[in-house]
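The exercises below each set a task and then work through a solution step by step. Please keep the sequence and the model open while following them.

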Amino acid sequence: MTVTFACDSDLKSVYSILKMYKDIFSFVRQDRIKKHIQRGTCVFHDDVVITFTKYKVSRVKLQSCSVSPKSGDVWIHQVAAKVQGNGSAKRVLNSFINSC
């Protein structure tokens, strides 16, 4: 299975899925999701949302944690599924990881 990236017309659907988990993703704003979609860093497949960053250059140790991302590393920001417990998030996440 190949993953499908979100397009501009998916913005409301993507945002509504993340809003379902507002206790976890209270900081997520619609403009930020729109930027992820425009940059091609938002996967939307099978009602599962994954936002991520793929590093182009190596970075020194990040302030927020004790890792030093290398060029090509992928940092996953959010993973959310519309329906919990049906395994869709696991399938999409595994496909995403295999495609990186």
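A residue is called buried when its relative accessible area is under 20%, exposed when that value is over 50%, and partly exposed in between. The model is a predicted one, and the values used below are computed from it.

**Exercise 1. Locate the salt bridges and classify their residues.**

Task: Determine how many salt bridges a search of the whole structure finds, and state whether Arg 29 is buried, partly exposed or exposed.

Solution. Step one is the search, which covers the whole structure and returns two salt bridges. Step two takes the pair formed by Asp 31 and Arg 29, in which the closest N and O atoms are 3.0 Å apart. Step three applies the accessibility classes: Arg 29 has a relative accessibility of 48% and therefore counts as partly exposed, and Asp 31, with a relative accessible area of 39%, is partly exposed as well.

Step four turns to the other pair, Asp 46 with Arg 91, where the closest N and O atoms are 3.9 Å apart; the cut-off for a salt bridge is a nitrogen within 4 Å of a carboxyl oxygen. Because Asp 46 lies in the loop between β1 and β2 while Arg 91 lies in helix α3, this pair ties together parts that are 45 residues apart in sequence. The relative accessible area of Arg 91 is 41%, so Arg 91 is partly exposed, and the value of 46% puts Asp 46 in the partly exposed class too.

**Exercise 2. Examine the backbone of the loop between β1 and β2.**

Task: Find what is notable about phi at Asp 46 and at Asp 47.

Solution. Step one places the residues: Asp 46 lies in the loop between β1 and β2, and Asp 47 lies in that loop between β1 and β2 too. Step two reads the torsions, where Asp 46 has a positive phi of about 60° although it is not a glycine, and Asp 47, likewise a residue other than glycine, has a positive phi near 60°. Step three adds the accessibility of Asp 47, which at 36% counts as partly exposed.

**Exercise 3. Check the length of helix α3 and find its buried side.**

Task: Test whether the end-to-end distance of helix α3 agrees with its number of residues, and then decide which residues of α3 are buried.

Solution. Step one takes the 12 residues of α3, residues 88-99, and a rise of 1.5 Å a residue, for which the expected span is 16 Å; the end C-alpha atoms are 17 Å apart, which agrees. Step two lists the buried residues of α3, namely Ser 88, Val 92, Ser 95 and Phe 96. Since these buried residues cover an arc of only 100° around the axis, they sit on the same side of α3. Step three looks at the other side of α3, where Lys 90 and Asn 98 are exposed. Step four identifies what the buried residues of α3 pack against, which is β1 (42-45), β2 (48-54) and β3 (74-81).

Step five considers Ile 97, which also lies in helix α3. With a relative accessibility of 48%, Ile 97 counts as partly exposed, and together with Ile 76 and Val 79 this residue forms a nonpolar patch on the surface, with about 220 Å² of accessible area together.

**Exercise 4. Describe the buried face of helix α1 and the segments around this helix.**

Task: Establish which residues of helix α1 are buried, and which residues Phe 5 and Met 20 touch.

Solution. Step one names Leu 11, Val 14, Ile 17 and Leu 18 as buried in helix α1, which comprises residues 11-19. Viewed down the axis of α1, these buried residues fall within an arc of 135°, so they line one face of the helix. Step two gives their packing partners, which are α2 (30-39), β1, β2 and β3.

Step three goes to Phe 5, in the segment before α1, which at 39% relative accessibility counts as partly exposed. Leaving aside residues up to four places away in sequence, Phe 5 touches Asp 10, Gly 40, Cys 42, Val 43, Phe 44 and Phe 52.

Step four goes to Met 20, in the loop between α1 and α2, which at 44% relative accessibility counts as partly exposed. Again not counting residues up to four places away in sequence, Met 20 touches Ala 81 and Lys 82. Met 20 and Ala 80 are 60 residues apart in sequence, yet their C-alpha atoms are 8.9 Å apart in space.

Key:
Residues are numbered from 1 along each chain as its sequence is written. This is a predicted model: local features need pLDDT of at least 70, side-chain atom pairs count only at pLDDT 80 or more; totals for chains, interfaces and linings use all residues. Side-chain values use heavy atoms; hydrogens and water are left out. Helices (H or I, at least four residues) and strands (E, at least two) are DSSP runs, numbered from the N terminus. The expected span of a helix is 1.5 Å times one less than its number of residues. Buried means under 20% relative accessible area, exposed over 50%, partly exposed in between (1.4 Å probe, protein chains only). The arc is that of the directions from the helix axis to the C-beta atoms. Contact means heavy atoms within 4.5 Å. Patches are made of residues with over 30% relative accessible area and no salt bridge: like charges are joined within 9 Å, nonpolar side chains (Val, Leu, Ile, Met, Phe, Trp, Tyr) within 5 Å. Accessible areas come from the Shrake-Rupley method with a 1.4 Å probe; for residues, only the protein chains shown count as cover. A salt bridge is a side-chain nitrogen of Lys or Arg within 4 Å of a carboxyl oxygen of Asp or Glu.
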